[in-house]
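Open the model in your viewer and keep the selection box ready. We will go from the overall picture to single residues, one stop at a time.

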Amino acid sequence: MSNHLKNETSPYLLQHAENPVDWYPWCSKAFEKAKKEDKPVFLSIGYSTCHWCHVMAHESFEDKKTADILNKYYISIKVDREERPDIDSVYMSVCQAFTGSGGWPMSIFMSWDKKPFFAGTYFPVRPQYGMPGFSELLNALAAQWNSRRKELLRSAGQIAAHLRRQEDTHRSADKGAFIEKAVQMFSDSFDGKYGGFGAAPKFPVPHNLLFLTLYAQQNDNPDVLKMVEKTLIQMRKGGIFDHIGGGFSRYSTDKYFLAPHFEKMLYDNALLIIVYASVYTTAENPLYLDTAERTAEYVLREMTSPDGGFYSAQDADSEGVEGKYYTFTLAETIEALGKEKGMQFSDVFDITENGNFEGVNIPNLLKSNDLNPDFDDELQKLYSYRKSRRRLHLDDKVLISWNSMMIAALSVLYRTSRNEKYLRAAVDAQIFIEKHLSTGLQLHTSWRGGRQSEKSFLDDYAFYIAALTELYHSTLDRGYLEKAERFCKEAVGRFADIINGGFYLSDSDSTELFMNPKEIYDGAVPSGNSVMAYNLVRLYRLTGNEDYKKLADKQMHYMSAQAQDYLTGHSMFLFAKLVYDNPPEQIKIVLKEASDLEKVRRKLPLFADVTVIPQSREYPLVNDSTTFYVCRNHTCFAPSNTL
């Protein structure tokens with residue numbers, strides 16, 4: 001029997017549409033029902049490729065006895081965190097306030113006016129890991145709702161007030177050398193033997209690597225670049241990279257980058273394409289460009305819709321087993337490749353009789369000296385063999401923020417590889433956004449099955465502005481830059497806190513939740529505030545519009561104050577600050593013929609502020625040929641007919 005999720009479009013919500021739990025989507029009807037029936041609300045937040053969300057669903061939400069308790073004592077609401085980042089952000093703050101940590105599935109217990117009185121993440125079906133069993137918890141909280149409600153509601157009010165005070169706290173900017181401090185902190189946590197930062201689990205966090213790469217370039221610091229390169233090489237060698245099909249998994253569960261958490265997210269792969277392509281232009285190691293291209297090929301092959309949008313994620317689980325789709329036995333490898341080639345391949349890719357992961361094998365190159373061995377035919381055979389397995393769950397909703405990251409990534413990769421295929425894919429995805437995810441200047445967070453979401457948030461605008469700017473850099477089509485400006489104006493009007501600085505996640509007058517956060521922390525994905533800082537700096541450099549400079553100055557001041565206590569958690573902002581403090585070359589191009597544009601754009605540096613301007617007395621053609629005017633560090637060089 002279906003519940004109230006049956007008509008939703010989110011793959012995550014639809015996974016729960018046949019649960020015996022009487023789930024509602026987030027809607028006024030659910031809260032009105034809770035008030036009318038005098039019940040608390042149980043809010044469960046997750047996403048469709050979340051392993052522990054699957055576990056809790058199988059253990060508890062598919063269990064009739066547990067469902068009976070929920071249906072009797074609670075109104076239950078399911079939220080896809082990727083469709084409603086505002087709800088996820090607010091209640092993640094609640095979860096962290098209650099428990100000191102957070103994650104998914106997130107479990108929130110609250111009143112019908114949306115104020116929380118208890119929170120956690122995964123709860124096991126029976127008491128273990130020092131946690132109560134879920135049914136036991138449900139019964140206990142229901143009893144407290146009836147016997148100690150005033151105390152619960154007082155606690156809920158205190159938590160809400162505490163979080164609002166934290167959000168409103170004004171801080172002074174640290175005028176110290178926090179760029180240098182951040183670099184030192186990364187250096188102190190760097191794993192010189194196995195790459196990455198800190199202990200297991202190890203997350204790629206590509207924007208950390210981008211910041212360190214730009215710092216190394218600007219300061220001619222080979223030691224910092226070595227940290228980046230060691231990490232990139234180790235990730236490419238390890239099992240976190242899918243050697244058979246391309247692309248990267250979410251994170252490594254060990255310090256070696258061998259055993260990943262096997263789900264693949266669009267945003268990780270987009271940001272890693274940017275990092276590998278960018279470092280290739282600095283270090284010129286062909287392995288980096290190869291990795292970026294193999295990752296892009298995976299996305300274009302498996303994560304792209306027929307009309308150009310990019311899907312969100314692929315699951316880690318297959319047939320109820322995490323990683324089963326990706327692992328091989330030695331016998332399977334020999335069967336697929338033949339004995340001679342199978343043994344040769346297995347020797348290089350660490351495939352053994354005993355296995356390197358729970359009795360099976362994750363193909364990897366961690367024990368190989370050859371980082372790009374010539375096994376193209378064998379890789380293709382194993383890819384075809386693997387496709388015969390049960391297909392992985394695909395979260396096929398299209399998110400504008402994650403699509404924008406991939407548009408930016410493919411634009412950067414095009415400028416690195418000069419392969420037009422990547423630019424065409426980026427352009428197709430931008431057309432998809434215009435067709436399905438925007439109505440004038442109103443963006444929509446997600447699209448699936450012909451239906452778009454009603455809401456949009458800061459991140460949607462921030463990443464889309466960045467994508468349009470990257471498309472402009474790749475094409476020099478001023479139409480993209482003009483669109484970026486229009487959407488930037490809309491974002492400032494909707495989300496900016498004009499008085500205190502920073503940008504709210506939801507519209508600045510939003511009243512649906514008890515607080516409207518300003519997200520500044522650069523987690524798995526850079527924050528909207530960090531990306532807006534970067535956007536404002538780039539738009540000022542590209543247009544010369546002083547309004548952008550004023551906004552950029554204010555945003556830099558605000559972010560500097562917020563980031564100072566946890567510098568390594570704000571690496572995208574630090575990247576933006578490096579661009580702000582030491583901008584790249586400014587190149588003005590005067591074309592002799594419009595047809596020269598195609599030849600010119602293929603020769604431009606990867607990152608530079610480039611504009612095409614008309615011939616004038618101030619900027620004449622030199623030698624009656626297309627002419628470049630280049631300035632850097634407040635110094636302009638003689639006009640030239642070549643770069």
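**The whole chain.** Buried residues make up 57% of the 643 residues in the protein. Buried means under 20% relative accessible area, exposed over 50%, and partly exposed in between, with a 1.4 Å probe and protein chains only. This is a predicted model: local features need pLDDT of at least 70, side-chain atom pairs count only at pLDDT 80 or more, and totals for chains, interfaces and linings use all residues. Residues are numbered from 1 along each chain as its sequence is written, and side-chain values use heavy atoms, with hydrogens and water left out.

Show the cartoon. The protein has 23 helices and 21 strands. Helices (H or I, at least four residues) and strands (E, at least two) are DSSP runs, numbered from the N terminus. Now zoom out. The C-alpha trace spans about 85 × 70 × 50 Å along its principal axes.

**Stop 1: strand S4.** Select residues 106-110. All five residues of strand S4 are buried, so the strand is largely enclosed by the rest of the structure. Look at its two faces. Met-106, Ile-108 and Met-110 are on one side, with Ser-107 and Phe-109 on the other.

Which strands lie alongside? Add residues 41-46, strand S2, which pairs with S4 in the antiparallel sense over five bridges. Two strands pair if DSSP finds at least two bridges between them. Ser-44 stands opposite Ser-107. Then add residues 116-120, strand S5: four bridges join S5 to S4, and the two run antiparallel. Here Phe-109 stands opposite Phe-118. S4 and S5 form a hairpin with five residues between them. Click Lys-114 in the turn; its phi is positive, about 75 degrees.

**Stop 2: helix H3 and Phe-61.** Select residues 51-61. Helix H3 is mostly covered, with eight of its 11 residues buried. Among them are His-54, Met-56 and Phe-61.

Stay on Phe-61. Leaving aside neighbours within four places in sequence, Phe-61 is in contact with residues including Trp-23, Phe-42, Ser-44 and Phe-134. Contact means heavy atoms within 4.5 Å. Phe-61 is also one of the residues with the most contacts inside the largest nonpolar core, which has 152 residues. A nonpolar core is a set of buried Ala, Val, Leu, Ile, Met, Phe, Trp, Tyr and Cys residues joined through side-chain atoms within 4.5 Å. A second, separate core of 27 residues includes Ile-87, Cys-95, Ala-160 and Leu-513.

**Stop 3: Ser-571.** Is Ser-571 buried or exposed? Ser-571 is buried, with a relative accessible area of 0%. Its place is in helix H22, residues 571-581. Show side chains: a polar contact of 2.6 Å joins those of Ser-571 and Asn-208. A polar contact is a pair of N or O atoms within 3.5 Å; within protein, one must be able to donate a hydrogen and the other to accept it, and residues adjacent in sequence count only if both atoms are side-chain atoms.

**Stop 4: a four-stranded sheet.** Four strands form an open, mixed sheet in the order S19-S18-S20-S21. Strands S19 (609-612) and S21 (635-636) stand at the edges, each with a single partner strand, so one side of each is left without a neighbour in the sheet. Select residues 586-590 and 627-632. These are S18 and S20, paired in the antiparallel sense over five bridges. In S20, Phe-628 is the bridge partner of Ile-589. Last, add residues 528-543: helix H20 packs on the sheet, touching S18 and S19.

Conventions. Axes are lines fitted to C-alpha atoms, for helices over the stretch in contact, and angles run from 0 to 180 degrees between N-to-C directions.
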